[in-house]
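I opened the notebook for this chain and kept the entries in the order in which I looked things up. Fold comes before side chains.

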Amino acid sequence: MNRAGFALVELIVILVILGILLSIATMDFSATQRRKQIESRTRELFNDLNEARLNSIYTKKRHAIVMEPGSYAFRQYSSENEAKFASGTKVLRSVNSPYKYSKTGGTDFSGETILFDIRGNTNDHQTIYINPVNSGAMFDCIVIHTARTNMGQGGDSNSDGQPDSCTTQ
């Protein structure tokens, strides 16, 4: 018997195999996309922290970043708006994020201020994590020191779902 073409069963098997391969590729793409978004948010916050630090040096005015769980705001001190800053009415710029910002141990930021003096130094040493932890992102945490800021990869060494370490580059 001379067969030209494919049988219905053969076509169904091929379609099932293609469906399985496409679903695996889609799941991997979603994880990659989330990882890249977390890295992007980390780089954006890192650049904004450095911008606030440099603006303090260049303008000879204190700058601050006020951290919230899902956002942060830029503020600037000067002799004219010192009282406004204390009451929280002078915001230069605000940035929202779909990811949560937290400290070591998973505690949320709640209006905590990272203040840079006119030399660009800070006494507000913090480690900021962009959750979810263990996302596989190359950079998902930022360590703020007196005169420098580093990006790194957060870890959960005790597997409780909360960040507890940041390995910087």
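**Entry: burial.** I count a residue as buried when its relative accessible area is under 20%, as exposed when it is over 50%, and as partly exposed in between. The model is predicted, and I read every value below as computed from it. With that cut-off, buried residues are 36% of the chain's 169 residues. I also looked up the accessible surface, which is about 10000 Å² for the chain. Carbon and sulfur atoms hold 55% of that surface.

**Entry: elements.** I listed two helices and nine strands. Read from the N terminus, their order is α-β-β-α-β-β-β-β-β-β-β. I then checked the contacts with a separation of 6 or more, and 54% of them are between residues 24 or more positions apart.

**Entry: the open sheet.** In what order do the four strands of the open sheet run? I read β3-β2-β1-β5, with antiparallel pairing. The edges are β3 (93–96) and β5 (112–116), each of which pairs on one side only. Ignoring direction, I get an average turn of 20° between neighbouring strands of this sheet.

I took the pair β2 and β3 in more detail. Strand β2 covers residues 71–76, runs antiparallel to β3 and is joined to it by four bridges. Within this pair, Phe74 is opposite Arg93 of β3. Helix α1, residues 8–59, packs on the sheet. I noted its contacts with β1 (63–68), β2, β3 and β5. The direction of α1 is at about 155° to that of β1.

**Entry: Ser71.** I looked up one residue of strand β2, Ser71. Is Ser71 buried or exposed? Ser71 has a relative accessible area of 16%, so I enter it as buried. Leaving out residues up to four places away in sequence, I find Ser71 in contact with Val66, Val95, Asn96 and Tyr101.

**Entry: salt bridges.** Side chains of opposite charge can pair when their charged atoms come close. I find seven salt bridges in the structure and followed some of them here.

Lys36 and Glu39 form one, with N to O at 3.7 Å. The two residues are three apart in helix α1, so about one helical turn separates them. Lys36 is partly exposed at 49% relative accessibility, whereas Glu39 is buried at 6%.

Glu39 also forms a salt bridge with Arg43, and here the closest N and O atoms are 4.0 Å apart. Glu39 and Arg43 are four residues apart in helix α1, again with about one helical turn between them. I enter Arg43 as partly exposed, because its relative accessible area is 36%. Lys36, Glu39 and Arg43 therefore go down as a network linked by salt bridges.

Next I looked at Asp48 and Arg93, whose closest N and O atoms are 3.4 Å apart in a salt bridge. Why does this pair tie together separate parts of the sequence? Asp48 is in helix α1 and Arg93 in strand β3, so the parts that the pair ties together are 45 residues apart. Asp48 is buried, with 6% relative accessibility, and Arg93 is partly exposed, with 34%. I note that Arg93 is also the residue that stands opposite Phe74.

**Entry: disulfide.** A disulfide is a covalent bond between the sulfur atoms of two cysteines. How many disulfides does the count give? I get one. The cut-off is 2.5 Å between the sulfur atoms, so I accept the pair Cys141 and Cys166, whose sulfur atoms are 1.8 Å apart. The link of Cys141 and Cys166 is right-handed, with 80° about the S-S bond. Cys141 is in strand β7 (residues 141–144) and Cys166 in strand β9 (residues 165–168). The pair thus links distant parts of the chain, 25 residues apart. I also looked up the burial of Cys141: at 0% relative accessibility, Cys141 is buried.

Methods
Residues are numbered from 1 along each chain as its sequence is written. This is a predicted model: local features need pLDDT of at least 70, side-chain atom pairs count only at pLDDT 80 or more; totals for chains, interfaces and linings use all residues. Side-chain values use heavy atoms; hydrogens and water are left out. Buried means under 20% relative accessible area, exposed over 50%, partly exposed in between (1.4 Å probe, protein chains only). Two strands pair if DSSP finds at least two bridges between them. Axes are lines fitted to C-alpha atoms, for helices over the stretch in contact, and angles run from 0 to 180 degrees between N-to-C directions. Contact means heavy atoms within 4.5 Å. Accessible areas come from the Shrake-Rupley method with a 1.4 Å probe; for residues, only the protein chains shown count as cover. A salt bridge is a side-chain nitrogen of Lys or Arg within 4 Å of a carboxyl oxygen of Asp or Glu.
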